[in-house]
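Colleague: Could you take one part of this model and walk me through it slowly, as you would for someone in a first year of study? I would like to hear about the aromatic rings and about what surrounds them.

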Amino acid sequence: MTPITEVNDNETGVCLSADLTIKHYYLPIMYGIIFVFGFAGNLMAIIIYVVKLRPWKSGSIIMVNLAVADLLYALSLPFLVNFYIVENWRLGEFMCRFLRFCFHFNLYGSILFLTCLSVFRYVVVVHPLRAAQVQRASRGVAACLAIWAISLLEIGPMLSMITTQKYGNTTDCLDFASNDPNTVWWYGWLLSVLGYLLPLVVVCWCYTRISGALGKSLSASRPSRVRAHRLTVITLSVFVMCFLPYHILRQLRVSSLRSNVTSCLQMKIINDAYMLSRPLAGLNTFFNLALFTLAGDKFQQAFYSLICRRKPTINKVAVIC
């Protein structure tokens, strides 16, 4: 596969000069912030679950796997920070493909883990007689194994689509949407529909049913209902604020490369917006950290006991999953 340039050679400098600030300052800073907080936060979450919160129910197992996915993504970010600072990729084509793969593996793995949590919460709240079955550890293990396998099947083809490109004495590690548009266009649509839109529909349906069930059975002042609404807001915020802009702008980016009528200005605007959206998709790690603290009292108690070595005074609140 032969990679293409964003625009014709004689227009490259004009059309892409304005995005240098984004590429050389915005991306390294954002990826650096995500690495620091994502690495520390998810490592702490895994330690708390392993040391303080055993035995696990299905919800805890899914949370741990979500933290592992975010931690693996965070560990890949220093390589990208170095790349955007020195403006030259020195790690070879395999590492380029692997690091781009890590981003998308985390992205679609996180989407599936959040969707699975939503389905499990739906069963616990709307069908309480089945709650004991859903909360079994074996159900959580089976769900996580399925999610890892599905994510690998979704993202596996990307390894053959990502490549590097030489510009004189420098090498660029192309992101997914900057490779051959005729190859990645159909695959990008497939990922957007099956990997994002379908899970979004499932999540919205689950939380609509959960909200209706809680509205009928709990008073507005009950802490468990407040917590359920907060979990709903955080999950939907991840899907809308982090994942939606990236999927829209990625498709616009690829479509602009395929089109023969896209002007230089339009291409520059789309390219800049797409580059801005990439770290936003990685910010789902911050929202995921908030999910750990809202999942139940026990995580908060374990956190304070690990940090302060004393038990805080926290009101008992019902755990939904």
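**A close look at the aromatic rings**

Modeller: Let us begin with Tyr122, which counts as buried because its relative accessibility is 11%, and buried here means under 20%. Please keep in mind throughout that this is a predicted model, and that each value quoted is computed from it. The partner of Tyr122 is Trp205: the centres of the two rings are 4.9 Å apart and the planes stand at 55°, so this pair is described as tilted. Tyr122 belongs to helix α4, which covers residues 92-126, while Trp205 belongs to helix α7, which covers residues 181-217, so the pair ties together parts of the chain that are 83 residues apart in sequence. Trp205 itself has a relative accessibility of 44% and therefore counts as partly exposed, whereas Tyr122 is buried.

This pair can be set beside others, for a search of the whole structure finds 17 aromatic pairs. Among them is the pair of Phe83 and Tyr84, which is also tilted, with 4.9 Å from centre to centre and 45° between the planes. Phe83 and Tyr84 are both buried, and together with Tyr31 and Trp89 they form one aromatic cluster.

Helix α4, where Tyr122 lies, also packs against another helix. Two packed helices are described by the angle between their axes and by the distance between those axes. For α4 and helix α6, which covers residues 137-155, the axes come within 9 Å and cross at roughly 145°, and the crossing is right-handed. Several aromatic residues of α4 take part in this meeting, including Phe101, Phe105, Tyr108, Phe113 and Phe120, and on the α6 side the residues include Ile147, Trp148, Ile150 and Leu152. The list is not made of such side chains alone, since His104, Gly109 and Cys116 of α4 and Arg139, Ser151 and Glu154 of α6 are among the residues that meet there.

Helix α7, where Trp205 lies, holds Trp186 as well. Trp186 counts as partly exposed because its relative accessibility is 45%. Its C-alpha atom is separated by 9.7 Å from that of Gln251, although the two residues are 65 residues apart along the chain. As for Trp185, Arg258 lies over the face of its ring, at 4.4 Å from the ring centre.

Just before α7 in the chain there is a loop that begins after β2 (170-173), and Ala177 lies in this loop. With a relative accessibility of 0%, Ala177 counts as buried. Leaving aside residues up to four places away in sequence, Ala177 touches Arg250, Arg253, Val254, Leu257 and Tyr274. For Ala177 and Arg250, the C-alpha atoms are 6.2 Å apart in space, while the residues are 73 apart in sequence.

Finally, it helps to place these details within the whole chain, which has eleven helices and two strands and, read along the sequence, follows the pattern α-α-α-α-α-α-β-β-α-α-α-α-α. Of the 321 residues in the chain, 51% are buried. Among the contacts with a separation of 6 or more, 81% are between residues 24 or more positions apart. The accessible surface of the chain comes to about 15,300 Å², and 66% of that surface belongs to carbon and sulfur atoms.

Notes. Residues numbered from 1 in each chain as written. Predicted model: local features only at pLDDT ≥ 70, side-chain atom pairs only at ≥ 80, totals over all residues. Heavy atoms only, no water. Phe/Tyr/Trp six-rings, centres within 6.5 Å; stacked < 30°, edge-to-face > 60°. Buried < 20%, exposed > 50% of the residue type's maximum accessible area, 1.4 Å probe, protein only. Helix = DSSP H or I, 4+ residues; strand = E, 2+ residues; numbered from the N terminus. Lys NZ or Arg CZ within 6 Å of the ring centre and 35° of its normal. Contact = heavy atoms within 4.5 Å. Areas by Shrake-Rupley, 256 points an atom, 1.4 Å probe, with all protein chains shown as cover. Axes fitted to C-alpha atoms, helices over the stretch in contact; angles between N-to-C directions. Left-handed = near helix turned anticlockwise from the far one by under 90°.
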